[in-house]
Structure formats: C-alpha cells, structure tokens
Amino acid sequence: MGCDKAAKLTSARMEYMSASSPLPRAQRFIAVKHKLELVAPDSKSEAWESTVNFCGTFQCVVVASSITTKTRDTAASGSMVLRVIPEDLKKLFDHVQKLGNLVQHTTESEDKTAVVIDTDAKIKNLTSFRDSLRTMLARPSVTVKDFVEIQKQLTDVQSELDSETAQRKILANETEKVAVEITFAAERTPGRSGAFAPIWEALRESGSDMAVSVAWLISLLSP
C-alpha cells in the first residue's frame, strides 16, 4: 500500500507539472539593456558620482559600480550597472549626456516570454499540488506511513516552488526594468603619457604661457 501511495503521489505530481497555463499571446516579456560609454573631464570622478547621486532621485537602482582613482600613470575611470523603469530612462540619458561626450550607445534585447510563461505555469501547478498535499495530510484517516510519505513530498514541492518563485522575481526585474551599463573614461590630454609625463604635469600646473608652450613642445617629442 505504501508503494502504491508513493506511486500515486508521483503520478499526481507529474500531472500537475504537465498541465499548461498559457499567457495571452499578445503579452511579451523583453529584457532590454543599454550600454553607454561616456568621455568625461579627467580631473575628477564627478561624472561617476553625479550619476550615482542622480540615480537616487527617481526609480533607479545601482546594481553594481566601480571606480578607479587617478594616478600619475593612469586617468580616473569608472563604471556602473543601473536598473531603471522605462518611464525614467530618458531622464537618465539626459543627465548622463550633460556630464561629458557620449561616444557610444548600444542597445541589446532578449525575449524572455517563453521562460516567463514556463515559470508561471510551474508556479501555478506546484501551488495547486502543494495545496492538494496539505489537504491529504489533514485527513483524519491518513496513516502514519502515508503521513511520512506525503510530508516528504510536501517538503520537496515547497522547496521547488520557492525556487521557481525566486526565479520569477529575477525575470520580473529583468523585463519590467531596463538595465543600463555606463562606462566612464577620462579625456586624454596630448603629451601626458610616457617619460615626459611628470615634466608635462609640472609645466602645465605652473600656469604660465611659456610653460604651456614648452609643454606642448614636449608633447610633440613624446612617443
């Protein structure tokens, strides 16, 4: 009887999981990603900081970010990944374009409709099966052996349901918000690399016309 009961439970689970729950054909779920490359002034990381602060003023989330400070040999740089609702996308673009020269903008999209439909169907079927198991478990006539078997099935189903629910939240975040990846690069000033870089910096910072002229001469001699 115990084996028969386990077989019936397994069969019932397969029937629930094979049931289809299609969404309306017109409804599509598209994950959109924008990649921006911005060339900003070299002196500070103001563009990066300004974008992070601006993101906090509307429905925008900083998913990841990094920044590299300026050194003698390298310019300051930074990057970030944001998630924005579609209605606020133009607002973000307008702000970023004011911070420097937008040299590249690419857009990628991925149709997640099939995955969303499949995940929603699994959640619906697992929920129904879990509720049926709970009803079976609450019957006064259930035996100890059946109780143990049903409880095991219930634990497995609940675990799978939690996993699918978490996956659905990830899909919702990907399709209901737009991903924006921004790379900040510093403007390059002629003659500031190579062996003459320290001399260039010293002359430029002196501020005199003669020093600037000599600095430009050095830039021509630099490799």
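User: Which helix does V144 lie in?
Analyst: Keep in mind that we're looking at a predicted model. The helix in question covers residues 144-176, and V144 lies in it. That makes the answer α5.

User: Is V144 buried or exposed?
Analyst: The cut-off for exposed is over 50% relative accessible area. V144 comes in at 69% relative accessibility, so V144 counts as exposed.

User: What accessible area do V144, F147 and V148 have together?
Analyst: These residues form a nonpolar patch on the surface. V144, at 69% relative accessibility, is one of its members. Taken together, the accessible area of V144, F147 and V148 is about 300 Å².

User: How far does α5 reach from its first C-alpha to its last?
Analyst: There are 33 residues in α5. At 1.5 Å a residue, you'd expect 48 Å, and the model's value is close to that. From first C-alpha to last, α5 reaches 47 Å.

User: α5 also has buried residues, and one of them lies over the face of F29; which one?
Analyst: The buried residues of α5 include I150, L154, V157, L161, R168 and L171. The one lying over the face of F29 is at 5.6 Å from the ring centre. For a charge to count as over a ring, the cut-off is within 6 Å of that centre. The residue over F29 is R168.

User: What is the C-alpha to C-alpha distance between R134 and I150?
Analyst: R134 lies in helix α4 (residues 113-137), while I150 is among the buried residues of α5. R134 itself counts as partly exposed because its relative accessibility is 43%. The two residues are 16 apart in sequence, and in space their C-alpha atoms are separated by 8.4 Å.

User: And how far apart in space are V62 and T51, C-alpha to C-alpha?
Analyst: V62 sits in strand β2 (residues 60-68). With a relative accessible area of 34%, V62 is partly exposed. V62 and T51 are eleven residues apart in sequence, and the C-alpha to C-alpha distance is 9.8 Å.

User: How many salt bridges does the structure hold?
Analyst: Side chains of opposite charge can pair when their charged atoms come close. One case here is D131 with R130, at 3.2 Å from N to O. The structure's total is twelve.

User: Why are D94 and K90 separated by about one helical turn?
Analyst: These two form a salt bridge, with the closest N and O atoms 2.9 Å apart. D94 is partly exposed at 32% relative accessibility, while K90 is exposed at 58%. Both belong to helix α3 (residues 89-97), and the separation is about one helical turn because they are four residues apart.

User: In the salt bridge of D131 and R130, which residue is buried?
Analyst: D131 has a relative accessible area of 34%, so D131 is partly exposed. Its partner has 14%, and the cut-off for buried is under 20%. The buried residue is R130.

User: Which residue is linked with E110 and K112 in a network of salt bridges?
Analyst: E110 and K112 form a salt bridge, with the closest N and O atoms 3.8 Å apart. E110 counts as partly exposed at 46% relative accessibility, whereas K112 counts as buried at 15%. The residue linked with them in the network is E174.

Notes
Residues numbered from 1 in each chain as written. Predicted model: local features only at pLDDT ≥ 70, side-chain atom pairs only at ≥ 80, totals over all residues. Heavy atoms only, no water. Patch = residues over 30% accessible without salt bridge, like charges linked within 9 Å, V, L, I, M, F, W, Y side chains within 5 Å. Areas by Shrake-Rupley, 256 points an atom, 1.4 Å probe, with all protein chains shown as cover. Salt bridge = Lys/Arg side-chain N within 4 Å of Asp/Glu carboxyl O. Helix = DSSP H or I, 4+ residues; strand = E, 2+ residues; numbered from the N terminus. Buried < 20%, exposed > 50% of the residue type's maximum accessible area, 1.4 Å probe, protein only. Expected span 1.5 Å × (residues − 1). Lys NZ or Arg CZ within 6 Å of the ring centre and 35° of its normal.
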